[in-house]
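Thank you all for coming; I would like to take a few minutes to walk through one structure that is new to most of us. Please have a look at it on the screen before I begin.

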Amino acid sequence: MDDPNPYTSPQSTTFESDDSSRDPRVMRGRTIILVLIAASLALDLFNAAIFHSIQTHPIQLVLQAAITYGLWYAVWQGYRWAVLLTVARHALGAFLTLLFVPIEPRIPYLLWFALAAAVIISLTASKSVRVFLQSQRSSREGPPDKPK
């Protein structure tokens, strides 16, 4: 009785990856992005509570937050256009901050400049963030086509 084993493992229809979510670079990149999002949220809340409560209409604050965190969500998903827009937005903001700091040196301007610099450096130069975003793109795009 040389029958082959009738209990063979089922063929999986799901994408079997190398489980890149456990890669330390992916985990580090995820942490960096989360810290940037948390710092952005904290700075926005600080500005809204202290400095913009008198000067800015609440609808403007809500729209600004929606754009900011919509971009962060798209960055988290790994969209390249969102990374480029986020870097461009922070670069423009950093440039404008450099123009206003000598005129009116206030703590929020300096904090925003520090956040903008951290975002620009992290999204353009960090290998961990790049690996994390690549893993997000590959998980969003689905399994690669199998050769026939």
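I will go from the overall make-up to one pair of helices, and then to some single residues.

A word on the source: this is a predicted model, in which local features need pLDDT of at least 70 and side-chain atom pairs count only at pLDDT 80 or more, while totals for chains, interfaces and linings use all residues. Residues are numbered from 1 along each chain as its sequence is written, and side-chain values use heavy atoms, with hydrogens and water left out.

Let me start with the whole protein, which has six helices and zero strands, where helices (H or I, at least four residues) and strands (E, at least two) are DSSP runs numbered from the N terminus. Read from the N terminus, the order of elements is therefore simply α-α-α-α-α-α. There are 148 residues, and 26% of them count as buried, a word I use for under 20% relative accessible area, with exposed for over 50% and partly exposed for what lies in between, using a 1.4 Å probe and protein chains only. The protein exposes about 10,600 Å², and carbon and sulfur atoms supply 66% of that area; such areas come from the Shrake-Rupley method with a 1.4 Å probe, and for residues only the protein chains shown count as cover. If we take contacts between residues at least 6 apart in sequence, 69% of them join residues at least 24 apart, a contact being heavy atoms within 4.5 Å.

Now to the pair of helices. Two packed helices are described by the angle between their axes and the distance between the axes. How do the axes of helix 5 and helix 6 cross, and within what distance do they come? They come within 6 Å and cross at roughly 65°, the axes being lines fitted to C-alpha atoms, for helices over the stretch in contact, with angles from 0 to 180 degrees between N-to-C directions. On the helix 5 side the contact is made by S122, L123, T124 and A125, which meet K127, V129 and R130 in helix 6. These residues divide into three nonpolar, two polar and two charged, where Ala, Val, Leu, Ile, Met, Phe, Trp, Tyr, Cys and Pro count as nonpolar, Asp, Glu, Lys and Arg as charged, and the others, Gly among them, as polar.

L123 also leads us to helix 4, which holds L84: the C-alpha atoms of L84 and L123 are separated by 8.8 Å, although the two are 39 residues apart along the chain. L84 counts as exposed because its relative accessible area is 62%. L85, likewise placed in helix 4, is partly exposed at 47%, and its C-alpha atom is 7.8 Å from that of L71.

On the surface, L92, F95, L96, L99, F100 and I103 make a nonpolar patch of about 620 Å². Patches are made of residues with over 30% relative accessible area and no salt bridge, with like charges joined within 9 Å and nonpolar side chains (Val, Leu, Ile, Met, Phe, Trp, Tyr) within 5 Å. One of these residues, I103, lies in the loop between helix 4 (80–100) and helix 5 (107–125), and I103 is exposed, with a relative accessible area of 65%.

Finally, how many salt bridges are there? The count comes to one, where a salt bridge is a side-chain nitrogen of Lys or Arg within 4 Å of a carboxyl oxygen of Asp or Glu. D23 forms it with R25, the closest N and O atoms being 3.4 Å apart. D23 is partly exposed at 23% relative accessible area, and R25 is partly exposed at 42%.
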